[in-house]
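Dear colleague,

I am handing over the structure we spoke of, and I would be glad if you could look through it with the notes below beside you.

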Amino acid sequence: MNKLRFLTTSLLLLGVLIFGSIFANAITSKAADDAGLSVLVPTERAVYQRNEKNKADLLIRVRYEADKHVTAVLFDADDAVCSETVSLSATADDAAVYEGTIPNVPAGGWYKLDIQGKASANGEAEVLQTVEKIGVGEVFITAGQSNSCSFGEPQTYAQEDMVSAFDPKKDVWQHCDDPQPCISGFSEGNGKGSPWPSAGDALFEKLQVPIGFITTGFGGSTIAELLDKHYAAILDAIETLRPYGYRAILLHQGEGDSGIGTKQKDYAEALMKLIQQTRTDAGYDLIWMVANAAYNPWTSTAANNEILNAQKEVCDEETIFLGPLTDDMDKDSGYRRKQDNLHFNEEGLKEHGRRWAESITAKLIPDYSKLPPDSTPEPPATSTPEPAPSQTSPTPVPPVITNTPAPAPTATPSEETKPVSLKGKTFKNGIFQYKITADQKGSKTVKIVAINGKTKKSITIPKKVKYKGSSYQVSAIEKKALGKLKKLRKLKAPSKIYKTCKAALKRKKVVVKKY
């Protein structure tokens, strides 16, 4: 009888303890929910682009639905604190959004980020959010046609954990597995295999830092169509990666143009227009690497050579670099799918990725091993002595594109010439038409008065635009400019015009995001 009573009492106590634990966890969880702390940047598996010092400044952005005190601190792979505790500040545009920067984080990872929300600077933490995997390494935008995205077979997967891909639909990073996440259309990359998981593995093996990709390719596209019909995904990638930075845009394209007989002159002009447009939208001369690719099993060698020669012509090996040659990977090489002799098979995808990694490390990556502690590598020489016949001319190292672009050059008027104000002037840039609303030193602004995007499903409005050597901030938009975007489903808008866009597009049920 005593044993039975003891067993009954024990079971009752165990039940109370379990219920109490569940109840306490529910209260804690509800308190966290009530506090409303969410991390906007970075997301899990994010990769920040390292700079010339082999470091990166980590921009942190969170939403905290109250007037609170928010701090962030970083931990290394050994779970040791590796940064000062940084206080985040409420932004001017949205008091519930807090931003701050953890500076000079060395290349590597994975790091862990802890963010605390408190009622006051000296108060106890009300809520803690942790982002487990953050890296500092190399980030790339990939562009082109089918062989730049997921049209190979089978799907491939990065073997290394430190290889990530950005999903522009969900605004999150993920492990770099095929099919590559994208918004570029044509069955969104056709849902098969790409070279980027293999490229990521090869780059990690060589560089030993996290690697990140964002895919923008569109199957069957000509070079002109990448600027005309399919540019939205490239622009979205440029804007999306501003908090993180990136090394370069990697282009694999040419098969579509050799197939229609595009001439060398026309291809070179179209490619330069595409490059210039990305630089205008980015606000600085971002780096490009262009694959030497034109192979099409249904066209002549002469047609392929028109494209190959155009790609070589455009590459100056200073800010536009010639990437891997892939035309030798033809139908007889064993690297193409027998079904079409155009897209790569598994061995072809791996070899394609390996060649990209080889070109990138040879031409785009500084030699960080020679970098003294807390020093910046010497910039490449502006001129190179004539090499001996047996020597190879060294390749200049391009500048790193981080989330803080260099300021645009501005013209300096002579003492005799008074600068003429451009206020009221209208001009076009890409799909946008702007009107200059202020043109004074320290205050240069424009408003968007029209958007030529009737067929666009996704549009990113830039924060700044360049005109006649000056950079203007986009500070306003006319509602009528948004009225004719009949097919629009997703819009990214700068914080200054976010509310206007949100209100104007509410009836159209367009997803409007602020950045």
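The notes that follow go through the cores, the salt bridges, a charged surface patch and some backbone details.

Please keep in mind throughout that this is a predicted model.

**Nonpolar cores**

The largest nonpolar core is made up of 62 residues, and the residues with the most contacts inside it are Y48, L58, I60, I102, L113 and Y246. Apart from that core lies another one, of 30 residues, which includes W110, F140, L203 and I287.

**Salt bridges**

The structure contains 26 salt bridges, of which I describe a few here. R50 pairs with E138, and the closest N and O atoms of these two residues are 2.7 Å apart. This pair links distant parts of the chain, since R50 sits in the loop between β2 (46-49) and β3 (55-64) whereas E138 belongs to strand β8 (residues 125-144), 88 residues apart. Are the two partners buried or exposed? R50 has a relative accessibility of 4% and therefore counts as buried, and E138, at 0%, counts as buried because the cut-off for that class is under 20%.

E99 forms a salt bridge with R61, with 2.6 Å between the closest N and O atoms. E99 lies in strand β6 (residues 97-106) and R61 in strand β3, so this salt bridge ties together parts that are 38 residues apart in sequence. As for accessibility, E99 is partly exposed, its relative accessible area being 29%, while R61 is buried, with a value of 15%.

The salt bridge between the side chains of E269 and K265 has an N to O distance of 2.8 Å, and here both residues lie in helix α7 (residues 264-282), 4 residues apart, which is about one turn of the helix. E269 counts as partly exposed at 40% relative accessibility, and K265 is exposed, with a relative accessible area of 55%. Beyond such pairs, D328, E351, R354, R355 and E358 are joined into one network by salt bridges that share partners.

**A positive surface patch**

Which residues form the positive surface patch? The patch consists of K454, K484, K486 and K508. Two of its members can be placed in some detail, beginning with K486, which is in the loop between β20 (470-477) and β21 (490-493) and counts as exposed at 70% relative accessibility. K508 is found in the loop between α10 (498-504) and β22 (511-514), and with a relative accessible area of 35% K508 is partly exposed. Why can K508 belong to the patch although K508 is partly exposed? Membership asks for over 30% relative accessible area, and K508 has 35%, so K508 passes that cut-off. In sequence K486 and K508 are 22 residues apart, and in space their C-alpha atoms are 8.3 Å apart.

**Backbone details**

Most residues other than glycine have a negative phi, and most peptide bonds are trans, so the following places may be worth a look when you go through the backbone.

The peptide bond from E153 to P154 is cis, with omega near 10°, and P154 is placed in the loop between β8 and β9 (163-167). The bond from D178 to P179 is likewise cis, with omega near -5°, and P179 is found in the loop between β10 (172-175) and α2 (186-189).

Positive phi values in residues other than glycine occur at R45, where phi is near 75°, and at E317, where phi is near 60°. R45 lies in the loop between β1 (37-41) and β2 and is buried, with a relative accessible area of 9%. E317 lies in the loop between α8 (301-314) and β14 (320-325), and at 23% relative accessibility E317 counts as partly exposed.

With best regards

How values were computed. Residues numbered from 1 in each chain as written. Predicted model: local features only at pLDDT ≥ 70, side-chain atom pairs only at ≥ 80, totals over all residues. Heavy atoms only, no water. Patch = residues over 30% accessible without salt bridge, like charges linked within 9 Å, V, L, I, M, F, W, Y side chains within 5 Å. Areas by Shrake-Rupley, 256 points an atom, 1.4 Å probe, with all protein chains shown as cover. Salt bridge = Lys/Arg side-chain N within 4 Å of Asp/Glu carboxyl O. Lys, Arg positive; Asp, Glu negative; His and termini not counted. Charge placed at Lys NZ, Arg CZ, Asp CG, Glu CD. Buried < 20%, exposed > 50% of the residue type's maximum accessible area, 1.4 Å probe, protein only. Core = buried A, V, L, I, M, F, W, Y, C linked by side-chain atoms within 4.5 Å.
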